[in-house]
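Me: I should like to learn how to read the features of a protein model in a systematic way. Could we work through one example together?

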Amino acid sequence: MRIRTSAKALISRGDCLLVTINEDDRGFWYVFPGGGQQHGETLAEALQRECLEEIGTEVMIHELRFIREYIADNHELHAGTEGLHQIDFVFRCSVPDGYVPIESGFQDRIQIGLAWMPIEELRRKRFYPQRLIEEIESNRSLIYLGDAN
């Protein structure tokens with residue numbers, strides 16, 4: 001089993017969160033911007049690089065909000081990620097004033113867009129991990145979420 005670390009950006013505007021829109025053979029699904037940390041790169045450097053690639057801007061990185069593990073073999077619908085053990089570090093971030101999501105030029109082949117999505121709407125969508133929505137809404141100070149899909 002391989003372990004991969006990743007940095008994710010929790011960016012809010014009002015009651016909406018900025019998410020990437022992705023598509024696979026089951027339809028659309030949503031996640032926070034961010035991605036895998038490369039060797040020799042800090043989490044902050046990884047997050048800046050990934051945000052430039054996925055949302056087209058640098059972000060201001062604030063506090064660490066959540067640590068989430070994903071052990072693929074423990075979850076249904078893990079086809080294509082067998083053996084993956086990923087640790088996500090989710091930071092609260094902000095974008096520059098006047099930021100407008102980019103509409104094209106995504107470097108990840110499965111990303112098809114960006115959206116400011118109301119939190120309540122994310123509950124009804126394929127948003128990963130759903131557990132984050134519960135924790136964001138509860139406003140608890142819990143940081144470590146464990147193995148969550």
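Reply: The turns below take up confidence, nonpolar cores, a helix, a loop residue and salt bridges. The structure is a predicted model.

Me: What is the mean pLDDT of the protein chain, and which of its elements have the lowest and the highest values?

Reply: Confidence is best read before any local detail. The protein chain has a mean pLDDT of 92, and 97% of its residues reach 70 or more. Among the elements, helix α3 (residues 130-138) has the lowest mean, 90, while α1 has the highest, 97.

Me: How should I read a nonpolar core, and which residues touch the most other members of the largest one?

Reply: In soluble globular proteins, nonpolar side chains tend to be buried together. Here the largest nonpolar core comprises 18 residues, of which I11, L47, I55, V59 and C93 touch the most other members. At least two residues of this core come from each of β1 (2-13), α1 (43-55) and β6. A separate second core holds 17 residues, including F32, F127, L132 and L145.

Me: With which residues is I11 in contact, leaving aside its neighbours within four places in sequence?

Reply: The contacts of I11 are C16, L17, L18, I55, V59, C93, V95 and W116. Among them, I55, V59 and C93 are also named with I11 as touching the most other members of the largest core.

Me: How does one read the buried side of a helix, and which residues of α3 are buried?

Reply: An α-helix has 3.6 residues a turn, so residues three or four places apart point the same way. In α3, the buried residues are L132, I133, E135 and I136. They pack against β1, β2 (16-24), β5, β6, α2 (119-123) and β8 (144-147). L132 is also a member of the second core. Just after α3, N139 takes a positive phi of about 60 degrees.

Me: Loop residues need a reading of their own. Where is F106 placed, and is F106 buried or exposed?

Reply: A loop residue is judged by its accessible area and its contacts. F106 belongs to the loop between β6 and β7 (111-118). Its relative accessible area is 16%, so F106 counts as buried, the cut-off being under 20%. Beyond residues up to four places away in sequence, F106 touches E53, E54, Q111, I112, G113 and L114. The C-alpha atoms of F106 and I55 are separated by 8.1 Å, although the two residues lie 51 apart along the chain.

Me: How many salt bridges are there, and which parts does the pair E63 and R92 tie together?

Reply: A salt bridge is read from its atom distance, the place of its partners in the chain and their exposure. The count comes to 11 salt bridges. In one of them the side chains of E63 and R92 meet at 2.8 Å, N to O. E63 lies in strand β5 (residues 60-71) and R92 in strand β6 (residues 84-94), so this pair ties together parts 29 residues apart in sequence. E63 is partly exposed at 37% relative accessible area, and R92 is likewise partly exposed at 34%.

Me: What are the distances in the salt bridges of E120 with R124 and of E121 with K125?

Reply: The E120 and R124 side chains meet at 3.9 Å, N to O. E120 is partly exposed at 45% relative accessibility, whereas R124 is exposed at 62%. For E121 and K125, the closest N and O atoms are 3.5 Å apart; E121 is partly exposed at 26%, as is K125 at 31%.

Me: Which residues are linked in a network of salt bridges?

Reply: E41, R49, E50 and E53 are linked in such a network. E53 is also one of the residues that F106 touches.

How values were computed
Residues are numbered from 1 along each chain as its sequence is written. This is a predicted model: local features need pLDDT of at least 70, side-chain atom pairs count only at pLDDT 80 or more; totals for chains, interfaces and linings use all residues. Side-chain values use heavy atoms; hydrogens and water are left out. A salt bridge is a side-chain nitrogen of Lys or Arg within 4 Å of a carboxyl oxygen of Asp or Glu. Helices (H or I, at least four residues) and strands (E, at least two) are DSSP runs, numbered from the N terminus. Buried means under 20% relative accessible area, exposed over 50%, partly exposed in between (1.4 Å probe, protein chains only). A nonpolar core is a set of buried Ala, Val, Leu, Ile, Met, Phe, Trp, Tyr and Cys residues joined through side-chain atoms within 4.5 Å. Contact means heavy atoms within 4.5 Å. pLDDT is the predictor's confidence in each residue, from 0 to 100.
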